[in-house]
Amino acid sequence: MTFAARFIPFALLTLIAACGSPERFAVSPPVIAETIRIGFASVEVKDVSLPSYAASDEISIRREDGTLTSSSDVLWADAPDRAIALELSQNLARLTKRRVASEPWPFEEFPDARLEIRFSELVATTSGSFNTSGQYFVAVADGRRERSGLFELSVAFDPKGGPNAIARARGQLILDLAQYIARNGLK
């Protein structure tokens, strides 16, 4: 690997650091133009389990050699586990037009289903893809079939766009995951 290839991820993260104080990057929700029918009137997004690097406030980037790079000067605007649970529940609510909320469940009546997601990977790469993989679980209390499934998704982004491009890619990736789970796990 050339010096330039090793230097680019570091430069991408430290470019913002030149300002002297940490910069925080928010994930804006992508536009949703479809509705997906699901088999439940209400769903609780119960638990989102992230790898330690993805649960950190620091935005991590994986180099081609597998090394993860981050900087305490380039941060997510919200705690990733909380933010991703909210993004998933809001995306599912907008996609399905059903009552969906992340835990703790805010309603008196219990949800029809509980969704738990365990990420094994959630990382942007220097080559311009934001990747995720893991497993989801749908628990149902009324005797209907419980289910689980694996997921592996990726969204392309322009690495020259820096942390803002990474934040946009994560927003799209979590929407794609919500669509995948709605179609495959909540029918």
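## Overall layout

What pattern does the protein chain follow when read along the sequence? In this predicted model, the order runs α-β-β-α-β-β-β-α-β-β-β-β-α. That works out as four helices and nine strands.

A few whole-chain numbers help set the scene. The protein chain has 187 residues, and buried ones make up 47% of them. About 9500 Å² of the chain is exposed, with carbon and sulfur atoms supplying 51% of that area. As for contacts, take the pairs that sit at least 6 apart in sequence: 70% of these join residues at least 24 apart.

## The nonpolar core

Nonpolar side chains tend to be buried together in soluble globular proteins. Here, the largest nonpolar core has 45 residues, and Leu115 and Phe119 are the members that touch the most others. Two or more residues come from each of β2 (42-49), β5 (74-76), α3 (80-96), β7 (113-125), β8, β9 and α4. Helix α4 is the top contributor, giving eleven residues.

Phe119 is worth a closer look. Leaving out residues up to four places away in sequence, Phe119 touches Val48, Ser49, Leu50 and Pro51, along with Ile84. The rest of its list is Thr132, Ser133, Gly134, Phe151, Ile174 and Leu177.

## Two arginines, two settings

Is Arg170 buried or exposed? Arg170 counts as buried, because its relative accessibility is 4% and the cut-off is under 20%. This arginine lies in helix α4, which spans residues 162-184. Setting aside residues up to four places away in sequence, Arg170 touches Val27, Trp76, Pro80, Ala83, Ile84, Glu87 and Phe130. Ile84 also turns up among the contacts of Phe119.

Arg144 sits in another kind of spot: the loop between β8 (129-140) and β9 (147-156). Its relative accessible area is 35%, so Arg144 is partly exposed, falling between the 20% and 50% limits. With residues up to four places away in sequence left out, Arg144 touches Gly39, Phe40 and Asp112.

Which backbone oxygen does the side chain of Arg144 reach? The partner is Gly39, at 2.8 Å. For a sense of how the fold brings the loop residue together with another part of the chain, try Ala113: Arg144 and Ala113 are 31 residues apart in sequence, with 9.7 Å between their C-alpha atoms.

Conventions. Residues numbered from 1 in each chain as written. Predicted model: local features only at pLDDT ≥ 70, side-chain atom pairs only at ≥ 80, totals over all residues. Heavy atoms only, no water. Buried < 20%, exposed > 50% of the residue type's maximum accessible area, 1.4 Å probe, protein only. Contact = heavy atoms within 4.5 Å. Polar contact = N/O pair within 3.5 Å; in protein donor to acceptor, adjacent residues only side chain to side chain. Areas by Shrake-Rupley, 256 points an atom, 1.4 Å probe, with all protein chains shown as cover. Core = buried A, V, L, I, M, F, W, Y, C linked by side-chain atoms within 4.5 Å.
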